[in-house]
Amino acid sequence: MILKRRHPRTKVHHIREALWPSMGVARVIRYYKHRIARLPGTPYYIAAGFATGVAISFTPFVGFHLMLAGLITWMLGGSLVAMALGTLLSGNPWTFPFIWLSSYKIGQMLLGHENAKAEPHVLHHQFTFNDLLQKPMELLLPMSLGSLPLAVAAWFVTYYIVSGIVKRHKDARMTRIHGKSHHALPHAEKK
């Protein structure tokens, strides 16, 4: 095949690239910034979808992130493609430990538990998988409650940033298009 790799990439290479890209994290961020800005639609449409995806990643319902975000995005009239990008980019193995720990701590404070201001790296209990199955509300209730303020804050911050990026990109694109059309007219008239 003409467009096939000479040395096909292995599964280990794909996993390594997903965890730490060889092109660098800054370049990946720039790539996704341009990718989001080029999505079709208004700045509200794209930013509402992306912000909803990011906000839902703060909830502890990992298996249901895409479904929940899709429902909320549909209600807000946002982009489902941008929502999927926001969910997948913000909810990943690098961010989940920080999200879960902070939502648990905030939930503990909101529930009024005494040791909520303890060291952030120490949980009050040593939770095991059996504990999660036998008494799920000890962990799920504080995380669900603590994720709400984080999700709302993440939605507004993300919406503001993404809508600005998309608006600047679309304005610059329209300026380029109008600039080319003005330059093309005199050449057409000379002929």
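**Eight helices and a pocket**

Biologist: In the protein chain, what share of the contacts with a separation of 6 or more is between residues 24 or more positions apart?
Modeller: That share is 69%, where a contact means heavy atoms within 4.5 Å. Bear in mind that this is a predicted model, where local features need pLDDT of at least 70 and side-chain atom pairs count only at pLDDT 80 or more, while totals for chains, interfaces and linings use all residues. Residues are numbered from 1 along each chain as its sequence is written, and side-chain values use heavy atoms, with hydrogens and water left out.

Biologist: OK, how many helices and strands are there in the protein chain?
Modeller: Eight helices and zero strands, so the pattern along the sequence reads α-α-α-α-α-α-α-α. Both are DSSP runs numbered from the N terminus: H or I over at least four residues for a helix, E over at least two for a strand.

Biologist: And what percentage of the residues is buried?
Modeller: Of the 191 residues, 31% count as buried. Buried is under 20% relative accessible area, exposed is over 50%, and partly exposed is in between, using a 1.4 Å probe and protein chains only.

Biologist: Why call helix 3 largely enclosed?
Modeller: Because eleven of its 14 residues are buried, it is largely enclosed by the rest of the structure. I46, F50 and V54 are among them. Helix 3 reaches 20 Å from its first C-alpha to its last, close to the 20 Å expected; the expected span is 1.5 Å times one less than the number of residues.

Biologist: Let's switch to helix 4. Which of its residues are buried?
Modeller: H65, A69, G70 and T73. They fall within an arc of 120° seen down the axis, so they line one face of the helix. The arc is taken from the directions from the helix axis to the C-beta atoms.

Biologist: What about the other side of helix 4?
Modeller: There M67, W74 and M75 are exposed.

Biologist: So what covers the buried face?
Modeller: The cover of the buried residues of helix 4 includes helix 3, helix 5 and helix 6. In helix 5 you'll find M83, which counts as buried at 5% relative accessibility. Leaving aside its neighbours within four places in sequence, M83 is in contact with L66, A69, G70 and T73, and also with G49, F50 and G53.

Biologist: How far is M83 from A47, C-alpha to C-alpha?
Modeller: Those atoms are separated by 8.6 Å, with the two positions 36 residues apart along the chain.

Biologist: What follows helix 4, and what follows helix 6?
Modeller: G77 comes after helix 4, with a positive phi near 75°. G112 comes after helix 6, and its phi is positive too, near 80°.

Biologist: New topic: how much space is in the largest pocket?
Modeller: About 1,000 Å³. On a 1 Å grid over the protein atoms alone, a pocket is an open set of points with protein on both sides within 12 Å along at least five of seven lines, and lining residues have an atom within 4 Å of a point. Grid points are joined across faces, edges and corners, and the volume is the space filled by probe spheres set on them.

Biologist: Which residues lie nearest its centre?
Modeller: V28, I29, Y32, L89 and N92, out of 30 that line the pocket. Helix 2 gives the largest share of the lining, seven residues.

Conventions
On a 1 Å grid over the protein atoms alone, a cavity is a set of points where a 1.4 Å probe fits but cannot get out, and a pocket is an open set with protein on both sides within 12 Å along at least five of seven lines; lining residues have an atom within 4 Å of a point.
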